[in-house]
Amino acid sequence: MSNADRTSYAALDLGGTFALSSPTHTVRTEITLPGDVHGALLAAGEIPDPYFGENEKTVMWVNQTPWTVERSFTATAADIDGYLTLTLAEVDCIAAVLLNGEIIAKTQNAFIRYDIDVTGKVHAGDNTLRIEFAVAPDVARARADAHPFPIPFTKNYQTNGLEGIHMNFIRKAACHAGWDWGICLMPIGVYGTMSLRKSRLARQDSVQVDQAHGEHSVELSIKTRVFAFAQGSVELAHSVDGQLITDKVAVHPGENVFTQNVTIHDPRLWWPAGQGAQPLYELTTTLDGEKTTRQIGLRKLEWIVEPDDIDHTFKCRINGRDITMMGANWIPADAIPSRITPAVIRDLLESAKAANMNMLRIWGGGQYEPDYFYEMCDELGILIWHDFMFACMSYPSDRPFLADVRTEITQQVRRLSHHASIALWCGDNEVIGSLHWYPETKAAPERYVANYDRLNSMLGNIVEDEDPARRFWPSSPSMGYLDFSDGWQMDTRGDTHYWDVWHSAKPFEAYRSVNPRFASEFGFQSFTSMNVIETFAEPRDRNPSSPVMENHQRNAGGNARILETMTRYFRFPRDFDQMVFLSQIQQGLAIKTAIEYWRSTKPRCMGTLYWQINDIWPVASWSSLDYGGQWKLLQYMAKRFFLPVNVVAVPVHETVPTNSRGTPVENAAPTSIVFRGINDTAAPVSIALEIRAVKIGGGDRVVFSGDASVGPDGAITVATMPFADLAADEFLFFSWRDAHGNLLGENDYFPKPYKAYELPEPKIRAAWSEVDGQLVLTLATDKPALFVTASVDIPGYFSDNAVTLLPGRQTDLTFTPRHGATPSAAELIQSLRVRNLSETF
Ligand code: BMA
């Protein structure tokens, strides 16, 4: 690079320490930006830990206070010798930005990157940057009051004596106001880039990459958006796969678009996790010295939504193969945004991959994630179903609102479209459904449908213009293009949110009463693990109906639902600790019931994403990972029920027994049990299946042993067993091996609820040994032991857990530390605890 190039572009990072103050409050302290006000006040000892006890209420004043942040920075003559852009990303949210006392911008959308032209406004020497934040809930209320007709907001965050916040009138994560799993903090801050960029003539605004896949090559079409301050010419260069394209291009003031093509021969294809490797090609773009890099995964991705004999397919085809999507829904990783770091995100995403997931859905009540999130997904092979950020309520559709959202969506699509991991753009979460929730929307459906369509059709059009290769899906759930009917449980087309088991207390078996094409939401709650509860509840509060535990349960009636369900499937737990453990067994069982069944219906069902993988704070919720990333039992069970080659038991009722309300009768005995072999790989697999009937007190007999071949991407019935062949005290345990005798998996099926069995008290032996330098925990038992779970006091997870142990069948577990922990053998051994179902009551 020549000297001229080196000086033509520079960026001054304006992140760092700012003074934090308020015109209405006496607090004066410091804040590190990017960061947030709650984090700063907590660090300064000005507020207690918002997550502890009921402190949420104590800190509520923070979001009702206007805040100001200010810093001075020094610029050299060289720093300002050119056109200057102040780039601020993720400013949360309604604020005035002042440079040297002059208002240079007003921000109002946390999802927009503000590129502010500050040419001539920065001095050589000292400068001041100041951001004055308005009280967002007040602005939202004023906007709602001024709107010509009422637009109700979701009741999901009407908590803590708040009257609720009109989150549909401001653009920031809706769940910042609380959700049915979330604390209400309404954070304030700047979470993204803060930099002063100097350009000779022009700056990069976005780089997008489209892929056209041929027989043995991929043509990349690289679209660069360049913002020029004046007429002239700039050097634009891309380098990828050893090829360099350099162009001297003429620019005119404003936005300029350049498209350049590169052909990559014999491409190494990118596959989702579990289906192949994730090779990434590095694309470097340089504009007059401003250099950016992107990792490009080469894959052809299509959504096949077309008529079939059921109604319409809904499936993701990658590199020509219809691949079942398996995973969960994603919410923002922390309610205190400054705690969302690359290390936290990597840990969560690696846990998703470790549980055999290949897709996450970024849910519309949260946020667009930082670049590193998607880079990690590219690297790990995790596809993203991406909602746009609208959820569970109607939104305005006046011109200023739409203009603001147009900028938001356009920018986000341009920022993210080059990622191999982005699989789908979805208009929103449950906004169509929500038209049927509120008295106002129900009373005037035509108005609210028209209002909805103005926003939703604009979103679709932006995707069509900005990212034509990607599918736009109007909403989740949705039945398809311009279909505004309420089709949550429609199971012949589109995607399905099936919530009857949790929200309507239907039995777990009800999951088998629907046959979704793609189940994008369904969930069942559990308590967060005991060591997490200990971080927010004093010993005296560790009771499901204490105010502290109720504050850490945001779904009305949630704790009651957890406990009531226990009485249906289990003997009631003997103490709080066991109740917490049992709640996680129960949660795992609910979701296992759904996913095993829906996977067994392949190719009818081509996706199961349960609600939800992560937590935003420590809380009772539907998540499979605790706040902090620890594995709940559902995460372990997910690792098994998402095995690419799996065998599942499906009870079949010749006539489905239902009660007078049409609800399946709980625990009705099936006529037979069908064993379905599922193969989500590209090659045929041979499965040697052995099924044993096991007496709950010990002793078993082989009831089936046979081989089957399951074709690529297929599911077939491997065995069928009349239910009458099972004795009253027996359950089924089955295992399957490949053609070489390697164990591929184990599973079980209990025809009756666990409470109906006289569980023996097993003696479980745990022994550590070192195999190939790795510590292995071997678990063995003298009597059948259910949901045997090992835990240690070190961040990490075992290779399996919540396992069924039988006499003579031991299980070997290895431990994977998280967060770079390097536990000694002694530490692991000392803190080991092994639990099982029989000790819960
Ligand atoms: C879903 C989500 C969220 C909610 C969850 C649990 O439908 O879209 O709104 O948190 O249900 O109730």
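The following questions and answers go through parts of one predicted model.

Mentor: This is a predicted model, in which local features need pLDDT of at least 70, side-chain atom pairs count only at pLDDT 80 or more, and totals for chains, interfaces and linings use all residues. Residues are numbered from 1 along each chain as its sequence is written, and side-chain values use heavy atoms, with hydrogens and water left out.

Trainee: Which residues are the closest to the ligand?

Mentor: A residue counts as near a molecule or strand if one of its heavy atoms lies within 4 Å of it. By that rule 13 residues surround the ligand. The closest are Asp180, Trp181, Glu430, His503 and Glu521.

Trainee: How many Å separate an oxygen atom of the ligand from an N or O atom in the side chain of Glu430?

Mentor: A polar contact is a pair of N or O atoms within 3.5 Å; within protein, one must be able to donate a hydrogen and the other to accept it, and residues adjacent in sequence count only if both atoms are side-chain atoms. Asp180 has a polar side-chain atom 2.5 Å from a ligand oxygen, and for Trp363 the distance is 3.1 Å. For the side chain of Glu430 the value is 2.2 Å.

Trainee: What share of the ligand's accessible area does the protein cover?

Mentor: Accessible areas come from the Shrake-Rupley method with a 1.4 Å probe, and for residues only the protein chains shown count as cover. On its own the ligand has 310 Å² of accessible area. The part covered by the protein is 96%.

Trainee: Is Ser621 buried or exposed?

Mentor: Ser621 lies in the loop between β33 and α16; helices (H or I, at least four residues) and strands (E, at least two) are DSSP runs, numbered from the N terminus. Contact means heavy atoms within 4.5 Å, and beyond its neighbours within four places in sequence Ser621 contacts residues including Trp181, Phe524 and Gln587. Buried means under 20% relative accessible area, exposed over 50%, and partly exposed in between (1.4 Å probe, protein chains only). The relative accessible area of Ser621 is 0%, so Ser621 is buried.

Trainee: Which residue has its backbone oxygen 2.7 Å from a polar atom of the side chain of Asn614?

Mentor: Asn614 is in the loop between β33 (607-610) and α16 (633-641). Asn614 counts as buried because its relative accessibility is 2%. Leaving out residues up to four places away in sequence, Asn614 touches eight listed residues, among them Asn329, Trp330 and Leu348. The backbone oxygen at 2.7 Å belongs to Ile331.

Trainee: Which strands are at the edges of the open sheet β34-β35-β38?

Mentor: Strands of a sheet pair through backbone hydrogen bonds, either parallel or antiparallel. Two strands pair if DSSP finds at least two bridges between them. This open sheet has 3 strands with antiparallel pairing. Each edge strand pairs on one side only, and the two are β34 (645-652) and β38 (714-722).

Trainee: Which residue in β35 stands opposite Val652?

Mentor: β34 and β35 (residues 672-679) pair in the antiparallel sense over 8 bridges. The residue opposite Val652 is Ser672.

Trainee: At what angle to β34 does helix α15 run?

Mentor: Axes are lines fitted to C-alpha atoms, for helices over the stretch in contact, and angles run from 0 to 180 degrees between N-to-C directions. Helix α15 (residues 576-600) lies across β34, β35 and β38. The angle to β34 is about 100°.

Trainee: Which residue in the turn between β36 and β37 has a positive phi?

Mentor: Strand β36 (residues 685-695) and strand β37 (residues 700-710) run antiparallel and are joined by 10 bridges. They form a hairpin with 4 residues between them. The turn residue with a positive phi, about 125°, is Gly698.

Trainee: Which residue is joined to Lys602 by a cis peptide bond?

Mentor: Most residues other than glycine have a negative phi, and most peptide bonds are trans. Lys602 lies in the loop between α15 and β33, and Lys602 is buried, with a relative accessible area of 4%. The cis bond has an omega of about 10°, and the partner of Lys602 is Pro603.

Trainee: What is the phi of Asn100?

Mentor: Asn100 sits in the loop between β8 (95-99) and β9 (102-107). With a relative accessible area of 26%, Asn100 is partly exposed. Asn100 is not a glycine, yet its phi is positive, at about 50°.
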